[in-house]
Amino acid sequence: MYYLADPPYFLFLAGLFIGMTSGAAFSGTLKQSVQFWSKHRTSENLAAVRSFKLFFPFLGICIGIGLFLTAGLQIFGFPPELSYTISLPLTLFTAALVWGQLGKILLQLERGGSQALDLDSLG
């Protein structure tokens with residue numbers, strides 16, 4: 001008789017944990033970098049804040065979410081190969097969009113200050 005392997009609940013929880021802790025590190029690093037830039041206003045533009053010290057926690061978020069998606073698909077009965085085939089491009093595509101959008105938001109913040117990001121004042 002054929003039995004399916006146990007679903008990867010550990011990878012599911014590990015991916016969620018990695019994604020959440022990396023997200024907290026990303027948030028803290030981004031806030032610290034923007035505050036440092038706003039106090040010192042160096043000739044370096046704000047988009048340069050997207051350095052390795054910000055990319056490293058972002059990479060952790062991507063790895064964690066990729067594991068989370070893959071394990072989640074396997075829990076619902078997808079074979080591992082198909083789970084990786086679906087979650088890897090989805091994670092990479094989303095990560096590229098988010099990283100690009102972060103650069104655009106930082107440029108808006110640099111040009112117009114915090115009022116450039118205030119969506120409530122548009123009405």
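This passage walks through the helices, one pocket and one tyrosine of a predicted model.

The protein contains three helices and zero strands, and its elements follow the order α-α-α from the N terminus. Of the 123 residues in the protein, 28% are buried. Contacts across the sequence are a helpful place to start: when residues at least 6 apart in sequence are considered, 73% of their contacts join partners at least 24 apart. The accessible surface amounts to about 8700 Å², and carbon and sulfur atoms account for 69% of that area.

Helix H1 covers residues 9-40, a run of 32 residues. From first to last C-alpha, H1 reaches 46 Å, close to the 46 Å expected at 1.5 Å a residue. Its buried residues are Ala14, Gly15, Gly19, Ser22, Phe26, Thr29, Leu30, Ser33, Val34 and Trp37. These buried residues pack against both helix H2 (52-75) and helix H3 (80-112). As background to such lists, an α-helix has 3.6 residues a turn, so residues three or four places apart point the same way.

Helix H3 tells a similar story in its own terms. With 33 residues at 1.5 Å a residue, H3 should span 48 Å, and the 47 Å between its end C-alpha atoms agrees with this. The buried set of H3 consists of Ser83, Ser87, Thr91, Ala95, Trp99, Leu102, Gly103, Leu106 and Leu109. The partners against which these residues pack are H1 and H2.

Attention now turns to the second largest pocket, which holds about 170 Å³ of space. Its lining is made up of Phe58, Ile61, Cys62, Ile65, Leu69, Leu90, Thr91, Thr94, Ala95 and Val98, with H2 and H3 each supplying at least two residues. Eight of the lining residues are nonpolar and two are polar, while none is charged. Thr91 and Ala95 appear in this lining and also among the buried residues of H3.

Tyr84 offers a residue-level view of helix H3, where it is placed. Because its relative accessible area is 43%, Tyr84 counts as partly exposed, a class that lies between the 20% limit for buried and the 50% limit for exposed residues. Setting aside neighbours within four places in sequence, Tyr84 is in contact with Thr70, Gln74 and Pro89. For one of these partners, Gln74, the separation from Tyr84 is 10 residues in sequence and 9.3 Å in space, taken from C-alpha to C-alpha.

Note on methods. Residues numbered from 1 in each chain as written. Predicted model: local features only at pLDDT ≥ 70, side-chain atom pairs only at ≥ 80, totals over all residues. Heavy atoms only, no water. Helix = DSSP H or I, 4+ residues; strand = E, 2+ residues; numbered from the N terminus. Expected span 1.5 Å × (residues − 1). Buried < 20%, exposed > 50% of the residue type's maximum accessible area, 1.4 Å probe, protein only. Contact = heavy atoms within 4.5 Å. 1 Å grid on protein atoms, 1.4 Å probe; cavity = no way out; pocket = protein on both sides within 12 Å on 5 of 7 lines; lining within 4 Å. Points joined across faces, edges and corners; volume = space filled by probe spheres on them. Nonpolar A, V, L, I, M, F, W, Y, C, P; charged D, E, K, R; others polar. Areas by Shrake-Rupley, 256 points an atom, 1.4 Å probe, with all protein chains shown as cover.
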